[in-house]
Amino acid sequence: MRKCLWLWGLLFFALGFAWSITAERNPCTERISGSAGDVLEDDPVGRLKVYVYELPSKYNKKILQKDPRCLSHMFAAEIFMHRFLLSSPVQTLNPEGADWFYTPIYATCDLTPTGLPLPFKSPRMVRSAIQLISSSWPYWNRTEGADHFFVVPHDFGAYFHYQEEKAIERGILPILRRATLVQTFGQRNHVCLNEGSITIPPYAPPQKMRARQIPPDTPRSIFVYFRGLFCDVNNDPEGGYYARGARAAVWENFKSNPLFDISTEHPTTYYEDMQRAIFCLCPLGWAPWSPRLVEAIVFGCIPVIIADDTVLPFADAIPWEEIGVFVAEEDVPKLDKILTSIPSHVILRKQRLLANPSMKRAMLFPQPTLPGDAFHQILNGLARKLPHPKSVYLKPGEKILNWTAGPITDLKPW
Amino acid sequence: MKLSALHQSYINRRTNSFRSSGPLDSSSDSAIKSPAAIFWLVFHALCCLISLLLGYRFSRLVFFFLFSTSSTNFYTSPFRSTAELVKTLDVHSVLSNNPVANLDLPLLNKTVTNSRVVVGRHGIRIRPWPHPDPVEVMKAHRIIEIVQKEQRSQFGIKNPRTVIVVTPTYVRTFQALHLTGVMHSLMLVPYDLVWIVVEAGGVSNETASLIAKSGLKTIHVGFNQRMPNSWEERHKLESKMRLRALRIIREKKLDGIVMFADDSNMHSMELFDEIQNVKWFGAVSVGILTHSVNTDEMADRKKDEEENPRMPVQGPACNASDMLAGWHTFNTLPFAGKSAVYIDDRATVLPRKLEWSGFVLNSRLLWKDSSDKPKWIKDIDMLNGDIESPLGLVNDPSVVEPLGNCGRQVLLWWLRVEARADSKFPPKWIIDPPLEITVPSKRTPWPDAPPELPANEKPAMGMQDPIVKHSTKRTSRSKHRSKRKHEPKTDTQVSTRHSEQS
């Protein structure tokens, strides 16, 4: 009898000890349990195989050589994805056993002198690449691209245009209609977001951000922080077009409010300031996404997303509603009331979720790659779409895509 | 079609070129100029000219008014407006664009197939009074406080201990200056605090009223000896007073970290965070601020410094492996013979070898029957005589823990500044009765003084807000003394003043 008691006592003690240890380890972070469980920490290795096409270097390396700025701007994800796949265990050299096929085209690397990408030639480049792969390998024609994926991080994804109206008008490049697009753009019920696309965060330089960290006990004294344009004077002088008037509304309503540290200046302490702020505004610009979201997550500042119907990166893995604050564009004049009416325990919980290192890692594209980073999340997203439905495979001779659709300028050879 | 010509101007968007109000070259592509085309051309040119003058795209507005199908509010639409402004340029794209078809639907209609987000120009919503709302500002500040408290509890010191501060003081001119400084520093400390003030000459109302303003938990004790006039004696008496405070800690069994805050020292906030790390007995580096009065002292000192550069720091010295290796002390040799002897001397005041304020100890060291006390601590009651510094309490000085990054951070500064021996000051710094010393002004009335309003003086005399009014009182008084002879009008005021002065 006494031995039993002893055993039970020992068991309880051991359990309590183990519980206290695990509780001690992460006292200030909370694990994100999304709808699919701890999806952020899934390991894609072993769940999918990716075959990387060998394209001539005029599609990738030569372009990069011409302009190495492509490695540091916010569209650099396409280049780093290629490099990651080449060195990752998910890559397979046997195309017969591959689940997904990747085409390394650096479509957003044609930069103006000021560093903005000119996407005019991109449709032609993509067309010519696809023509190449469809003629050299049989895998494109097998499914007309349904098991291929492309990284298109430009403003409106595979529309290859920075103007929303033009982009909507042109539609997704016709030959990419069946492929999976990995893009930064995400907006619900928008023509530019294909069903089944994977939304990714824009590229933000991880080393630069890591180098500018300040001690975590520096008190957060800025209530709302934002640095950026409110009106695009060059392209939209009268206002109302840029950001659907939301940024201008933020400025007009809160420029005299001391709680809102907002301005168009470019301070050298931008990253440090974000770490001293509680809320960081992430309003839409010409497109609904922005690198501010990534910066806010990395620096522990709660993102306030002002972009109607936007789809945030990895939305199926990350419960954005619990981490960020969503404000409708029409509610911008009431922004201060909305933010102050959030109960303090909710704010503290959001900060704890943001402090979770797996959250921060999922937003970054580090070199060399780390487990749980954005590359792995993309692969996880691709793995979740497996296995391909039978309808993906076409019967021989069947053609769905219209190779001659689209504006005539796009059909010219590249 | 002229409309598409306008549309083409958007192509220049990204290239940052200055956009003219309309490409007039597009007219060249139409071969046959029908009257309608000519009319549109002229109209377009007119709109361009107007836009040039007014500075925005007038032609777009006109087309908008002619062709748009919805009601509009543009620019600064009032807060309650529900209709969003939609403006489309290209007429045929109005028909093909799906979202535009929803113009008739109410905007909050979230149907699955149609997006409620429309492309185009939107109004900029501004609320009726775009200024901070004080209620919201207060709520935001409360949120900031909560967030900072949480940060402190996560990243700051876990389980902070009470800080027990020991301050010896006595009533003198500079007491208010020094004690207020220490008091404000202690009020900012984010931990629990007990302030033991030991006063030489007994408990006085002066000191009591001063420390009552702090709102801190204080223990005000009197010491029945007056503060002597020489620095040597004063240091000895202060040591005795501090021992008295340590005995109080022992009697009351106060638990926490004991630090010595002399009333003329300056403490940084990091000091209070750093002393939380002490286990039993710690030492911090103290910056010694001595002010040299004579210039020839400077010349001497320069010579010395070339041979042996000195740092005005007292504190623990560490070796390469961050272990206590010795002590830095302030080099007093250059001041030998020239230092201040009496408290109001103008010469440099020198610190002791090791100041009390550079040491912190765990209050459990002082408890009588604490079982986990280390062996090297002496019992206070067993001391023969007085000790010069807390090192006298330990048998083995190597057990002292160097704090502040092994003594590399100077966390507090030592300074001794006192007034002349014969200096007087109004009790509690309230001027009542009026001061005896009045300096008559050189010229009356003051040339640049504003014209004196007679009604102002009477309340200025009676009330006890001293400092600001004092100067005006003086001038008015002196003014009136002379004015009395010239102006009979002021008789009434003079008479009242007479009564108050007597």
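**Entry 1. Chain A overall**

I began with contacts in chain A between residues at least 6 apart in sequence, and 72% of them join residues at least 24 apart. Contact here means heavy atoms within 4.5 Å. The model is predicted: local features need pLDDT of at least 70, side-chain atom pairs count only at pLDDT 80 or more, and totals for chains, interfaces and linings use all residues. Residues are numbered from 1 along each chain as its sequence is written, chains are lettered from A and ligands numbered from 1 in the order in which they are written, and side-chain values use heavy atoms, with hydrogens and water left out.

I noted 15 helices and 10 strands in chain A. Helices (H or I, at least four residues) and strands (E, at least two) are DSSP runs, numbered from the N terminus. Of the 414 residues in chain A, 58% are buried. Buried means under 20% relative accessible area, exposed over 50%, and partly exposed in between (1.4 Å probe, protein chains only). The exposed area of chain A is about 17,900 Å², and carbon and sulfur atoms supply 59% of it. Accessible areas come from the Shrake-Rupley method with a 1.4 Å probe; for residues, only the protein chains shown count as cover.

**Entry 2. Helix H3 of chain A**

I looked up helix H3 (residues 77–86) of chain A, which is mostly covered, with 8 of its 10 residues buried. Among the buried residues of H3(A) are A:Ile79, A:Phe80, A:Met81 and A:His82. Which elements do the buried residues of H3(A) pack against? They pack against strand S1 (50–52), helix H2 (61–66), strand S2 (100–102), strand S3 (148–152) and helix H15 (374–384) of chain A.

**Entry 3. A:Thr103 and A:Gly186**

I found A:Thr103 in the loop between S2 and helix H4 (122–136) of chain A. A:Thr103 is buried, with a relative accessible area of 2%. Leaving aside neighbours within four places in sequence, A:Thr103 is in contact with A:Tyr53, A:Leu55, A:Ile133, A:Phe149 and A:Phe150.

A:Gly186 is in the loop between strand S4 (180–183) and strand S5 (198–199) of chain A. A:Gly186 is buried, with a relative accessible area of 2%. I checked A:Gly186 against A:Val311: the two are 125 residues apart in sequence and 4.4 Å apart in space, C-alpha to C-alpha. Leaving aside neighbours within four places in sequence, the contacts of A:Gly186 include A:Leu193, A:Pro288 and A:Asp309.

**Entry 4. Backbone details in chain A**

A:Asp309 has a positive phi near 60° and is a residue other than glycine. A:Asp309 lies in the loop between S9 and helix H11 (320–323) of chain A, and A:Asp309 is buried at 15% relative accessible area. A:Glu144, also not a glycine, has a positive phi of about 55°. I placed A:Glu144 in the loop between helix H5 (139–143) and S3 of chain A, where A:Glu144 is buried with a relative accessible area of 1%.

I noted a cis peptide bond joining A:Gln367 and A:Pro368, with omega about -5°. A:Pro368 is in the loop between helix H14 (357–362) and H15 of chain A. The peptide bond from A:Leu386 to A:Pro387 is cis, with omega near -5°, and A:Pro387 is in the segment after H15 of chain A.

**Entry 5. Aromatic rings**

How many aromatic pairs does a search of the whole structure find? It finds 29 over all chains. Rings of Phe, Tyr and Trp (its six-membered ring) pair if their centres lie within 6.5 Å; planes under 30 degrees apart count as stacked, over 60 as edge-to-face and the rest as tilted. I looked up A:Tyr271 and A:Phe299, a tilted pair at 5.1 Å centre to centre with 40° between the planes. A:Tyr271 lies in helix H9 (residues 270–275) of chain A and A:Phe299 in the loop between helix H10 (292–298) and strand S9 (302–306) of chain A, so the pair ties together parts that are 28 residues apart in sequence. A:Tyr271 and A:Phe299 are buried.

In chain B, I found B:Phe39 and B:Phe43 stacked, at 5.9 Å centre to centre and 15° between the planes. B:Phe39 and B:Phe43 are separated by about one helical turn because they are 4 residues apart in helix H2 (residues 35–54) of chain B. B:Phe43 counts as partly exposed at 22% relative accessibility.
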